[in-house]
Protein chains: 2
Amino acid sequence: MRITAIVEAASGPPPAGEVWVGDDAAIVAPGDGLLVLATDASVAGVHADLALVGLDDLGWKALTATVSDIGAVGGRPRHALVTVCAPAGTDLEHLMRGVAEASARWTCPVVGGDVTAADQVMVSVAATGALAGTRPPVLRSGASAGDQLFVTGPLGGSAAGLRILRAGGPGNAGEAALVASHRRPLARLTEGQTARAAGATAMMDISDGLALDAHRLAVASGVGIELDDVPVAAGASEEEALGGGEDYELLVAVADPRRMASSFAAATLRPPIAVGRCTTDASVRTLRGSPLPPLGYEHRLE
Amino acid sequence: MRITAIVEAASGPPPAGEVWVGDDAAIVAPGDGLLVLATDASVAGVHADLALVGLDDLGWKALTATVSDIGAVGGRPRHALVTVCAPAGTDLEHLMRGVAEASARWTCPVVGGDVTAADQVMVSVAATGALAGTRPPVLRSGASAGDQLFVTGPLGGSAAGLRILRAGGPGNAGEAALVASHRRPLARLTEGQTARAAGATAMMDISDGLALDAHRLAVASGVGIELDDVPVAAGASEEEALGGGEDYELLVAVADPRRMASSFAAATLRPPIAVGRCTTDASVRTLRGSPLPPLGYEHRLE
């Protein structure tokens with residue numbers, strides 16, 4: 001089957017003793033330490049407008065969003081399972097090429113999957129990861145009052161890129177970069193592992209916008225949040241940074257910001273950007289002293 | 001969220017040090033030995049007719065089909081991730097109740113998932129499993145000429161149950177049992193683990209009918225297959241047993257049938273049913289000396 005061939009070309013042959021695509025189940029070596037599991041689905045018309053982005057971009061995004069969740073607890077992705085539901089006639093090779101590119105980029109081979117008919121294109125990815133060493137995972141719930149909050153990069157680029165595509169496409173290099181961050185978001189895997197090693201107390205990826213995701217971290221940790229600043233991607237708006245989502249930068253709480261900064265510098269990563277702090281009063285949600293706008297993408301079914 | 005509550009009620013609290021539903025990723029203890037990974041998707045209108053079966057049955061089937069794939073290599077399922085795509089207004093609690101019932105039945109807690117909007121109900125399940133000990137997994141490719149072939153139970157029940165539902169529903173206890181095997185198929189997990197321990201050379205679950213799946217095992221192993229008999233579920237036809245699919249009984253090749261029979265007896269399992277043998281001539285596919293009919297369900301998209 002051609003799809004299997006594409007995946008095999010991207011993932012390469014399995015190590016000795018492992019079984020990847022082709023049998024009832026895949027068999028892989030156990031990883032170091034705790035096992036991390038994440039899953040994420042991308043649906044055409046909901047998570048991606050196929051009039052504006054390619055099937056390959058949908059495939060890229062589905063895999064990248066899933067490995068981002070592994071990175072957001074400080075884990076390293078190891079293996080992915082990819083399920084594609086699609087109408088007859090869908091260019092599955094095009095879709096799987098994006099999956100394979102993301103798989104190669106994040107060193108997360110696709111070891112199995114399922115392909116089935118459906119009325120709508122849908123890609124569901126499940127991934128495993130390893131949490132090396134004995135340090136616990138970094139959860140949303142670990143922040144304490146007094147912890148400082150950082151993000152790993154400027155926000156709003158994906159939302160701005162979508163706006164530019166809707167308006168007819170990029171007119172210059174800056175707009176093209178925003179479109180690229182919409183079509184091919186990046187997972188901050190090294191950043192997540194480095195933050196965990198540097199003692200981050202809480203962490204999550206920003207998939208639904210800083211305002212909503214910071215609120216979620218605050219709820220899980222039982223703290224308030226005072227934001228001083230929102231780093232906005234060049235060409236994006238602050239509203240896009242707060243509410244646009246799908247940037248996949250990490251939101252990190254730390255008690256010792258200097259230690260994290262030096263760990264990021266030692267790993268030659270972009271310095272984390274300070275955005276605010278956690279407070280004792282769990283009802284607080286402010287931006288520059290005013291109430292934080294209730295922005296952010298929510299997947300509502302009911 | 002109510003869905004999370006249903007899953008948590010079914011799965012119970014995680015063991016100390018583990019994180020299940022609610023964070024970016026789930027964190028679980030590593031299993032013994034090799035890690036087994038499988039995934040399967042069930043789409044309303046393709047894998048289940050929601051005019052005939054319930055949303056809970058779709059949920060049950062999606063999880064059961066996935067753990068069946070773990071069992072089909074001799075593994076023990078450990079954890080499931082469940083993704084549901086559905087239109088607004090879908091009774092997700094009803095769907096997740098079936099998932100939770102299967103999760104409890106197969107001792108495979110749901111530790112994470114994703115819920116998103118879509119035009120059609122789709123359930124994608126990924127599961128991990130453990131392959132205890134040092135014996136290799138039992139693959140489709142391990143059979144040799146001279147190995148005997150067995151199945152773990154009579155076939156065709158699921159297809160017969162669907163036929164009965166289409167004709168207006170069951171009229172007696174026998175028909176009700178066939179409908180139950182369509183709505184709530186069983187995974188042969190203990191059988192798979194017992195067959196592996198008893199030296200099975202090749203194994204797979206019969207999800208697309210004995211004729212097609214036996215052909216697949218023969219291709220993977222490079223052997224021919226001579227079937228003497230097809231065990232047909234009471235009230236089903238031989239055509240349903242050969243081509244109906246979704247019975248999830250196991251097809252097992254063994255070099256030492258007496259050892260497998262005594263292992264099954266010691267585990268108080270139904271005795272495996274002899275169906276034929278593997279031959280040297282890899283082109284052979286016969287049933288009672290005649291060509292095996294080319295029956296079986298294939299998921300074709302192109």
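Let us begin inside chain A, at a cysteine: C108(A) is buried, because its relative accessible area is 0%. What you are looking at is a predicted model, so a word on confidence helps before we go further. Chain A has an average pLDDT of 94, and 97% of the residues score at least 70. For the complex, the predictor gives an ipTM of 0.95 and a pTM of 0.95.

Back to that cysteine. Which cysteine sulfur is closest to the sulfur of C108(A)? The closest one belongs to C85(A), and at 19 Å it is too far for a bond. Over all chains, the structure holds zero disulfides. In chain B you can look at another cysteine, C278(B), which counts as buried because its relative accessibility is 3%.

Now step back and take in both chains. How large a turn lays chain B on chain A? A turn of 180° does it, with a shift of 0.0 Å along the axis and an RMSD of 0.0 Å. That is the relation of a two-fold axis. If you want to find this rotation axis from the side of chain B, go to A126(B): of the residues of chain B, its C-alpha comes closest to the axis, at 3.2 Å. The copies meet through the same surface, because 100% of the interface residues of chain B are also interface residues in chain A.

A good place to see the two chains touching is L35(A), which lies in strand β2 of chain A, residues 34-43. With a relative accessibility of 8%, L35(A) counts as buried. Setting aside neighbours within four places in sequence, L35(A) is in contact with T128(A) and G129(A) in chain A, and with A26(B), I27(B), V28(B), A29(B), L35(B) and R78(B) in chain B. Notice L35(B) among these partners: it carries the same residue number in the other chain. Within chain A, L35(A) and A130(A) are 95 residues apart in sequence, yet their C-alpha atoms are 5.3 Å apart in space.

Let us stay in chain A and visit helix α4, residues 157-166, where S158(A) is found. This serine counts as buried, at 3% relative accessibility. Its side chain makes a polar contact of 3.2 Å with the side chain of H182(A). Not counting residues up to four places away in sequence, S158(A) touches H182(A) along with S181(A), G245(A), E246(A) and D247(A).

Over in chain B, helix α5 spans residues 173-183. Which of its residues are buried? They are L178(B), V179(B) and H182(B). These residues cover an arc of only 100° around the axis, which puts them on the same side of α5(B). An α-helix has 3.6 residues a turn, so residues three or four places apart point the same way. Part of what covers the buried residues of α5(B) is α4 of chain B, residues 157-166. At the N-terminal end, α5(B) is capped by N172(B), with a side-chain oxygen 3.0 Å from the backbone nitrogen of G174(B).

Our last stop is D56(B), in helix α2 of chain B, residues 55-71. Is D56(B) buried or exposed? D56(B) counts as buried, because its relative accessibility is 14%. The side chain of D56(B) makes a polar contact with that of H94(B), at 3.2 Å. Beyond its neighbours within four places in sequence, D56(B) is in contact with H94(B), L95(B), G98(B) and R184(B).

Conventions: Residues are numbered from 1 along each chain as its sequence is written. Chains are lettered from A and ligands numbered from 1 in the order in which they are written. This is a predicted model: local features need pLDDT of at least 70, side-chain atom pairs count only at pLDDT 80 or more; totals for chains, interfaces and linings use all residues. Side-chain values use heavy atoms; hydrogens and water are left out. Copies are superposed by least squares on the C-alpha atoms of residues with pLDDT of at least 70 in both. Contact means heavy atoms within 4.5 Å. pLDDT is the predictor's confidence in each residue, from 0 to 100. Buried means under 20% relative accessible area, exposed over 50%, partly exposed in between (1.4 Å probe, protein chains only). Helices (H or I, at least four residues) and strands (E, at least two) are DSSP runs, numbered from the N terminus. The arc is that of the directions from the helix axis to the C-beta atoms. A polar contact is a pair of N or O atoms within 3.5 Å; within protein, one must be able to donate a hydrogen and the other to accept it, and residues adjacent in sequence count only if both atoms are side-chain atoms. A disulfide is a pair of cysteine sulfur atoms within 2.5 Å.
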